[in-house]
Amino acid sequence: MKNILVQFSRVFVGLLFIISGLIKLNDPVGFSYKLAEYFSETVLNLPVFVPYSLALAVFIVIFETVLGFMLLIGFKPKLTIWSLLLMIVFFTFLTFYSAYFNKVTDCGCFGDALKLTPWQSFTKDIILLFFIVILFLNSKKVKPLFNTNFRNALVSLTVVLCAFMGYWVLNHLPLKDFRAYKVGTNIQKGMEIPEGAPKTVVEMIFVYKVNGVNKNFTEKDLMNIPAGATFVERIDHIVSEGYKPPIHDFSMEIDGSDYKDELLQEPKLLVFVAYDLSKSDKKGMKLLENLHQKAKAKGYKVIAMTASSKIEIEKAKKEFGCSFDFYFSDGTTLKTIERANPSILILNKGTIIQKIHYNDISLLNL
């Protein structure tokens, strides 16, 4: 019976690590955004690591995937199980910290394929920790499969394949798009809120300083605030989350005016997405104006979307000879739309027809 539990733990943990690793390896840029969020001043306060988020993301997801495979075939069991234990202890700490302090709303454990709340992520890690501890206490029962040379070859091949997959998706796009802006999505419909959908319930908390001490008052307590109390702040406490449409915070603004309703009716709209022009790939930016002229000749309306300032926009126009208009949108939204910076979208009346990396401009169907 004990051996069955050990072997079940081996398969369960191995497969879960492989699945989780491959999902994130499909979109390491997205995982790097999540790591950068953890490293930010408001969470772990480790901003020194933010510039290395992408490199760390690629390393972690490859390591995670390879560890899962190593466990399944019994490659160096002690080393593998120790590595799994240290990794899950670290992840459990992160998910608990996120859940308890409500710092990061989604751990990114399964990328955009499966969204977990912080407490769900923590529960998942506790379950994994339980099974990994079983393996740790019974590591001698994790017997290797195949002979040594074949195991070594399999692990080496896994590392090479994972590295190639990481290289491919970084220089093109995710093999499978799990985001709200995948090809075939109609942006207007994605923003709709169904009739009768639950609304967010918010309780307003008013903080007043009473005799030198901050005290909280709800709306019904406002009449009981003592004379002489000084208002400090208002805190909006979310009692229950309402329905949030898959697409939100989407805008196409110039000088504070939003033109999305007009632009999303265009039958032939070519959009360049560059969330941060100061970080945009120069090689990619140099290709956009030529593509703009070709698309314009074929009847397309061509625009760009960015979260950069007017100064950065003017700088990019001058440096790369861009003659198309730049529309402002939320940076997080733009990073969700596309992973390349810049990237290209074709829309037909708000429906995304094609999305490509700047390295694949030759594949664009104009």
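Here are some questions and answers on the predicted model shown above.

User: Before we start, what are the ground rules for this model?

Analyst: It's a predicted model, with local features needing pLDDT of at least 70 and side-chain atom pairs counting only at pLDDT 80 or more, while totals for chains, interfaces and linings use all residues. Residues are numbered from 1 along each chain as its sequence is written, and side-chain values use heavy atoms, with hydrogens and water left out.

User: Which helix gives the largest share of the nonpolar patch on the surface?

Analyst: The patch is made up of Trp-82, Leu-86, Val-133, Phe-136 and Leu-137, with about 500 Å² of accessible area together. (Patch members have over 30% relative accessible area and no salt bridge; nonpolar side chains, meaning Val, Leu, Ile, Met, Phe, Trp or Tyr, are joined within 5 Å, and like charges within 9 Å; areas come from the Shrake-Rupley method with a 1.4 Å probe, and for residues only the protein chains shown count as cover.) Helix H4 (77-101) and helix H5 (118-137) each supply at least two of the residues; helices here are DSSP runs of H or I, at least four residues, and strands are runs of E, at least two, numbered from the N terminus. The largest share, three residues, comes from H5.

User: Is Leu-86 buried or exposed?

Analyst: Leu-86 sits in helix H4. The cut-offs are under 20% relative accessible area for buried and over 50% for exposed, with partly exposed in between (1.4 Å probe, protein chains only). At 55% relative accessibility, Leu-86 is exposed.

User: What is the strand order in the three-stranded open sheet?

Analyst: Two strands pair if DSSP finds at least two bridges between them. The pairing in this sheet is antiparallel, and E1 (residues 201-210) joins E2 over five bridges. Strand E2 (213-217) and strand E3 (230-240) are the edges, each pairing on one side only. That gives the order E2-E1-E3.

User: How is the aromatic pair of Phe-59 and Phe-63 arranged, stacked or edge-to-face?

Analyst: Rings of Phe, Tyr and Trp (its six-membered ring) pair if their centres lie within 6.5 Å; planes under 30 degrees apart are stacked, over 60 edge-to-face, and the rest tilted. These two lie in helix H3 (residues 53-73), four residues apart, about one turn of the helix. Their centres are 5.7 Å apart with 10° between the planes, so the pair is stacked.

User: And which strands does the Tyr-208 and Phe-231 pair link?

Analyst: This pair is edge-to-face, at 5.4 Å centre to centre and 70° between the planes. Tyr-208 is buried at 17% relative accessible area, whereas Phe-231 is partly exposed at 45%. The residues are 23 apart in the chain, and the strands they link are E1 and E3.

User: How far apart in sequence are the parts tied together by the Glu-64 and Lys-24 salt bridge?

Analyst: A salt bridge is a side-chain nitrogen of Lys or Arg within 4 Å of a carboxyl oxygen of Asp or Glu, and here the closest N and O atoms are 3.0 Å apart. Glu-64 is buried at 4% relative accessibility, and Lys-24 is buried with 4% as well. Glu-64 lies in helix H3 and Lys-24 in helix H1 (residues 2-25), so the parts tied together are 40 residues apart.

User: Which residues join Arg-179 and Glu-338 in one salt-bridge network?

Analyst: Glu-338 bridges to Arg-179 with the closest N and O atoms 3.9 Å apart. Glu-338 is buried at 2% relative accessibility, and Arg-179 is buried at 5%. Through shared partners, the network also takes in Asp-177 and Lys-355.
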